[in-house]
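Please read the following report alongside the sequence and the structure, going from strands and helices to backbone geometry, cysteines and a pocket.

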Amino acid sequence: MSVLTRDEAQTRAKLLDVHHYAIALDLTTGDETFASRTVVRFTARTEADTFVELKPAELREATLDGRPLDPETLQENRLPLKGLSAGEHELRIDAVMRYSRTGEGMHRFTDPSDGETYVYTQLFLDDVQRVFSAFDQPDLKAVFDLSVKAPEDWTVLANGITTDLGDGHWQAASTPLISTYLVAVAAGPWHSVRTEHRGLPFGIHCRRSLAPYLDQDADELFEITKQCYDRYHEKFEEPYPFDSYDQAFVPEFNAGAMENPGLVTFRDEYVYRSAVTDTERQTRAMVIAHEMAHMWFGDLVTLRWWDDIWLNESFAEYMGYQTLTEATRFTDTWVDFGVMRKGWGYDADQRPSTHPVAPEAVDDTASALLNFDGISYAKGASALRQLVTWLGEKDFLAGINTHFARHRFANATLADFIDSLASATERDVHAWADTWLRTTGVDTLRPVVTRGEEGTYTLQVEHKGSRPHRIAVGLYDQDVADEGRHLVLRDRLDLDIPQSTPLPIGKRPTLLLLNDADLTYTKVRFDTESFKAVTESLSGLPSPLTRAVVWNALRDAVRDGELPPTAYLDAARAHLPHETDLALVQGVLAFASTYVTDRYVTPEQRPAALTTLSSLCRDLIRRTEDGDNPGLRLIAVRHCIDAAAHPDTIAAWLADGTVPGGPELDPELRWRVLARLAVLGATDESAIAAELARDPSATGQEGAARCRAALPTEDAKAQAWEAMFTRDDLSNYLFTATAQGFWQPEQSDLVRQYVPRYYEDAVALAARRGPAIADAAGRWAFPDHAIDEDNQALGQACLRDADPTPALRRKLIDQLDDLGRALRVRQA
């Protein structure tokens, strides 16, 4: 498929004004394809040639101003429009399109629980052409009218309010001006819950088999939605710009959610079938807040080209966390951001594939798709948080509202946004943008504490990097009344970096913490005395956000080879049993299990590391025996299962259907136990089949695929490999589940033969099945537990000689860099 280049998009935008799309979809023509008819009205400013994009199974007919176009001229995904005259034109396309099983275009899913079928669109970034013909670039906005023919028992959802015309025919209300990638359709026998808020219809929708679980959480979902809606209307002068607000939880969705105006689609794992922690509920709430922010950042005002992705994602990320903190019961969301999301940004920004938050130029759509990463989300949001700290929220919001007023229902660039901010402040935001948005890498701040006269001390901060920072410096002393187990905040001082003069700090604090409150984006280090205080009293720090900064600093030190990974485990063992914030427990255990025990310690160290992790989890389980903290107990039980080195205890849990003292094993925990038993060789195909009969749902199918791939037999590995890399019939979710089960540290000898096979097979698979599967193959099917130089050499040879697709190449670059880091950590 030909990708659209920036130059081609700019040329076409100068030539065309696109006014209106009339799209008619027929979803009753079979299981493999659907009919798509499009009428596009547009104006050419001058005589020229151009093209329209579509990727059909069959192009049945095309006419331009009533004149037939030859279907044979369709090359890959481009239909030439030759000899356009200046003036108005009408293009008609009649095509047959393929349904997708990879979450791209029009995805089709049949629920194994009840046999019901659902379809939905995911048209981001350039998958519109899989559903209807379009001039597919964000700055050619138009009005869309959509009609759909569907089976008579289906409901059709779209960007605007939909009307059932009878006999399976549905009509959606006309949209305002929106970009092609934001058009959305979701059709099927949805279970729907509806309400109104401020005169606007709100709806939440899911598969029928998930109806009891959606109903159970409907009040919470609507409350969060309404609270965010009201808070955004306090912040933004421009009212919500669409006629309804539907949220559809859809199956096998690749992203967390998608901000289609009026019809946000979410992965339906957010409809919880099993017990979850309050932090996981907070994450779902943040996604709701994030996507609603996009109604303004991205939908009302849209980037002109994909080099300004951050104008969408960084703002939605920042606004999501900040608005959730201000408007809902989730008042500590920045803790979760600090311990989970921020590390995503730090990691991405230290790889060879790093890029500025706002790159100077993104050459084409394939390149653009690669930039939806921790930099565009977490680093960009961190930069905005620092901007608000430096600028002040009043001026920040004034600039945003100016931006909305200037560019409503249009497109804007970084320069436009900075000009809007500059209109609201005397500060030099253009210089700020150059230093924060046009540069790459992570700064590092290191304190140097110097004793002065009369026993007083000063602070000088060593700054490795180029960005200015406004930070808080926390000075903490031992709580004498508590025999030193806790630390109390003596003072929090503001400091601008680069630092002009030493900062007086009075007497020597027990702990000096740079970037207290986590207001900027930087790595921080400790002086010797402060590091000693951290190891002894981390859990005694009064604020969870302060503790998040410390845990992040320890994480970074491990990744940089400055702190042994076993020391991180020791800190977790010492302090997590006293931790009260669930986001911190989840974040620390996630890093300890995913990176420390599975990658950073040597094979010889791993048994001891797993023992430490298991002991920690048992401490947490004992701490929660009174039932007062079910979320903490659930986290501990999950990680106890994953770290089990012997099958007896967790096998007994599965047989009894419960952990002694609770919780009972719900479907998620049962599949988790069975997967670990499979890794340990303590279960078999008959047990997996029996569990699947007990839970034949979509997540049950994924659980069975994960368990089967994890079985430590040559036959199981061969079948899993064939399913992933040969048959091409796995959906995106079943591919991911199979890949997650395949590679296990305990089975390195068994799967060693597949390491060299991976590179050749993944390159071929990515070329056949497209970006979504390429991403999954690079993320989940990569042999990331083969921490050795042979694997690294194979990967580098693949990048050099095999020409992987852009999506796979980016994933391989990142994985190989992580592999190299793991090798350096082990050597250190």
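## A three-stranded open sheet

In this predicted model, three strands form an open sheet in the order β25-β24-β27, and their pairing is antiparallel. Because β25 (487–497) and β27 (511–514) each have a single partner strand, they stand at the edges, and one side of each is left without a neighbour in the sheet. Neighbouring strands of this sheet are turned against each other by 20 degrees on average, with direction ignored.

Strand β24 (residues 469–478) pairs with β25 in the antiparallel sense over ten bridges, and within this pairing arginine 470 has aspartate 496 of β25 as its bridge partner. A cis peptide bond, with omega at about 0 degrees, joins isoleucine 497 to proline 498, and proline 498 has its place in the loop between β25 and β26 (503–506).

## Covered strands and a covered helix

In a regular strand the side chains alternate between the two faces of the sheet. Strand β11 (residues 155–158) is covered on both faces, since Thr155 and Leu157 on one side are buried, as are Val156 and Ala158 on the other. Four bridges join β11 to the antiparallel strand β14 (residues 185–188), where glycine 188 is the bridge partner of threonine 155.

Phenylalanine 42 belongs to strand β2 (residues 33–44), and it counts as buried because its relative accessibility is 1%, under the 20% limit. The C-alpha atom of phenylalanine 42 is separated by 4.2 Å from that of valine 18, although the two residues are 24 apart along the chain. Helix α7 (residues 375–391) is mostly covered as well, with 16 of its 17 residues buried, and glycine 392, just after α7, takes a positive phi of about 95 degrees.

## Less common backbone geometry

Most residues other than glycine have a negative phi, and most peptide bonds are trans. Against that background, aspartate 65 has a positive phi near 55 degrees; this residue is found in the loop between β4 (58–64) and β5 (67–68) and, at 43% relative accessibility, counts as partly exposed. Glutamate 454, which is not a glycine either, has a positive phi of about 60 degrees, and its place is in the loop between β22 (444–451) and β23 (457–464). With a relative accessible area of 80%, glutamate 454 is exposed.

A cis peptide bond also joins phenylalanine 124 and leucine 125, where omega is about -5 degrees. Leucine 125 lies in the loop between β9 (117–122) and β10 (143–149).

## Cysteines

A disulfide is a covalent bond between the sulfur atoms of two cysteines. The structure holds zero disulfides, and for cysteine 707 the nearest cysteine sulfur, that of cysteine 640, is 18 Å away. Cysteine 707 counts as buried at 1% relative accessibility, and cysteine 798 counts as buried at 6%.

## The second largest pocket

The second largest pocket has a volume of about 560 Å³. Its lining is made up of 27 residues, of which Pro603, Pro745, Ser748, His785 and Ala786 lie nearest the centre of the pocket. The elements that give two or more residues to this lining are α15 (606–623), α23 (748–751), α24 (754–769) and α26 (789–801), and the largest share, four residues, comes from α15.

By residue class, the lining of the second largest pocket divides into 14 nonpolar, six polar and seven charged residues.

Conventions:
Residues are numbered from 1 along each chain as its sequence is written. This is a predicted model: local features need pLDDT of at least 70, side-chain atom pairs count only at pLDDT 80 or more; totals for chains, interfaces and linings use all residues. Side-chain values use heavy atoms; hydrogens and water are left out. Buried means under 20% relative accessible area, exposed over 50%, partly exposed in between (1.4 Å probe, protein chains only). Two strands pair if DSSP finds at least two bridges between them. On a 1 Å grid over the protein atoms alone, a cavity is a set of points where a 1.4 Å probe fits but cannot get out, and a pocket is an open set with protein on both sides within 12 Å along at least five of seven lines; lining residues have an atom within 4 Å of a point. Grid points are joined across faces, edges and corners, and a volume is the space filled by probe spheres set on the points. Ala, Val, Leu, Ile, Met, Phe, Trp, Tyr, Cys and Pro count as nonpolar, Asp, Glu, Lys and Arg as charged, and the others, Gly among them, as polar. A disulfide is a pair of cysteine sulfur atoms within 2.5 Å. Axes are lines fitted to C-alpha atoms, for helices over the stretch in contact, and angles run from 0 to 180 degrees between N-to-C directions.
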